[in-house]
Amino acid sequence: MCGIVGFIGKSPEKVLLDGLKRLEYRGYDSAGIALKNGDDIELFKAKGEIRNLEKIVPDKTSAEIGVGHTRWATHGKPDEINAHPHVSSDKKWAIVHNGIIENYLAIKAKLNAFGYEFYSETDTETVAKLLEYYQKKGYDEITSLNKTVNALKGSYALGIINKNSDCLYFAKNKSPLFLAKSGDEIMLASDIICFKGFAKEYYPLVDGIFGFASKEKIVFYDNLGETEIKPLPLDLGEYDNLNTYKHFMIKEIYDTKTAIKNIIEYYGVKENCDRLADYDLSEITKVKFVGCGTAYHACLLGANMLFEKTGIDATSYVASEFRYGNLSLDNKTMVVLVSQSGETADTLAAFERAKESGAFTVGIVNVEYSTLSKKVDVSFPIKAGVEIAVASTKAFSSQLCVLNIFAGIVARKLFKSVDPLADVRALYEKFDYGNVNDFKLLADVLRYNDKLFMIGRGDDYCVAQEACLKIKETSYINSNTYYAGELKHGFLALIDEQSYVVVFATNKEIFGKTVCNAEEAKARGGKIILFTCFDLDASDADNFYYIIKTKELGNSLQAVLNIIPWQIIAYYISVNKGINPDKPRNLAKSVTVE
Ligand code: M6R
């Protein structure tokens, strides 16, 4: 979603544009920067891609401070007027903002009454005008900022400059923001990937922090006065190196094996695997798994794994439903929140609800410096490394591995003598990426199709849901998933000669039943694609329009071997259709608004 970069130092125009490019993957529809040049603040804004902004920003300026932003429209359409930075009426303040100011209409009404006029539809503009309001009352810059943030309700990460000051001001509440220093240069950013190559450590700002940075010093405040934040080492690995790959999506799919290895190494260390040692789980009567999109699909499979290994009643919820749903939650409930980014607004809101009810909270999170990771009682990192493509791939597989380990850890606490890593080790031994040529051929067939159905039972159904989501979001194909047994209860009416039906059948016990359901679709003209891990004799194989094979594993991490082919197929359909799979239309990597 929106991205923030701020900079004090040489050539801020270059550093800001470079930082904004690094944030592109998060999704945006306009961009802008503000530079303090002498006693003036110059604004540059453009709709659409950053290269449009690049065209209007001068190659060289004498500015030494600035802020930049990528905006994913929430309040007001994506145009140059609504793009950030926003400025105060006296043009002294320029600000960039991530998050949502919930009481912006009330602030606007108050400022209107004092004669302030507004040019944009954004909530952010009210913050710029509020800073001006307080400064005009005689407060200095930092006091004006303190008074402004005290008046705000909602979420915000703010990067601010003032034309009479050489400082970069900042504030954070429920939206990520980080700061880094290198010599006398300062960088502010909503994602630490902006710091790669700039600094070796960074300051993780926490909610309620505001302050300023200059060439000489950084000062942090909370509601009690000046405070300290300890820097953390910056370790991002080679995440941004595409090597020979054309897109991050395919590179990240092929990162999966390394991610599994990292998981085995990390959880192979006793203290990492003993994360629940200090907690008494004997009173836990139910477990609720919560996530959005791909993470929700991981929850469905995670709940099955936990039930299978422990017999504990486990159910899954989409986070936006968990937040407002009619649920029974108490201190005997464990809520497991799954999120790649750890910043998804719906998942964070679900966490708040779980916490208020006294539930024990667990996070299965990729971004270890994220809000969710820090807030839950116990966090299990998934060790997938930075994921750039909007379509989550390696993170999904890693979530499944860590959910499996988590289930094993709970089982070991309850029944002893369980090796929580056994399934993941077996997966690693068998892991491969399958017959990519077969996948490419199928991708070629499916690219022209808009009637794609996927059916399965149990875990196969959950993986089919994720396969379907991958194809939808990267290829814009109208594909839908159904329980195999539900076919005859309604959606069979949709099947005709133009329909492709993918049958997920990787569970031996119900293989026959699932394939029978596919026959029902075939009898109505549907072309049946079998997805299985079993060998078929030639006469059986003739029943199918196409067969995609994966390996048989024999434990619940079969789901990982099952999703990889569909991630690869989704990728090639997308590329065949001329879509950039890393940045599908209308989507953002991290959805930080409700
Ligand atoms: O960062 P999170 O895992 O919390 O994100 C959840 C979803 O927004 C995310 O999985 C989304 O569905 C992806 N685009 C799927 O590929």
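## Ligand shell

In this predicted model, 13 residues surround the ligand, and those that come nearest are Ser339, Gln340, Ser341, Thr344 and Glu473. By type, the shell divides into seven polar, four nonpolar and two charged residues.

Two helices, helix 9 (293-310) and helix 16 (459-475), each supply at least two residues of this shell. Helix 9 gives the most, with three residues.

## Polar contacts and burial

Glu473, listed among the nearest residues, has a side-chain N or O atom 2.4 Å from an oxygen atom of the ligand. Backbone atoms also take part. An oxygen atom of the ligand lies 3.2 Å from a backbone N or O atom of Thr294, and a polar backbone atom of Val390 is 3.1 Å from a nitrogen atom of the ligand.

The ligand taken alone exposes 410 Å², of which the protein buries 90%.

## The eight-stranded sheet

Strands of a sheet pair through backbone hydrogen bonds, in either a parallel or an antiparallel sense. Here eight strands make up an open sheet with antiparallel pairing, in the order 3-2-4-1-10-9-11-15. Strand 3 (40-47) and strand 15 (232-233) are the edge strands, each pairing on one side only.

Strand 15 is joined to strand 11 (residues 201-204) by two bridges in the antiparallel sense. In this pairing, Leu232 of strand 15 stands opposite Tyr202.

Helix 1 (residues 12-23) packs on the sheet. Helix 1 touches strand 1 (3-8), strand 2 (30-37), strand 4 (65-71) and strand 10 (185-189), and its direction makes about 155° with that of strand 1.

How values were computed:
Residues numbered from 1 in each chain as written. Predicted model: local features only at pLDDT ≥ 70, side-chain atom pairs only at ≥ 80, totals over all residues. Heavy atoms only, no water. Pairing = 2+ DSSP bridges. Helix = DSSP H or I, 4+ residues; strand = E, 2+ residues; numbered from the N terminus. Contact = heavy atoms within 4.5 Å. Axes fitted to C-alpha atoms, helices over the stretch in contact; angles between N-to-C directions. Near = heavy atom within 4 Å. Polar contact = N/O pair within 3.5 Å; in protein donor to acceptor, adjacent residues only side chain to side chain. Areas by Shrake-Rupley, 256 points an atom, 1.4 Å probe, with all protein chains shown as cover. Nonpolar A, V, L, I, M, F, W, Y, C, P; charged D, E, K, R; others polar.
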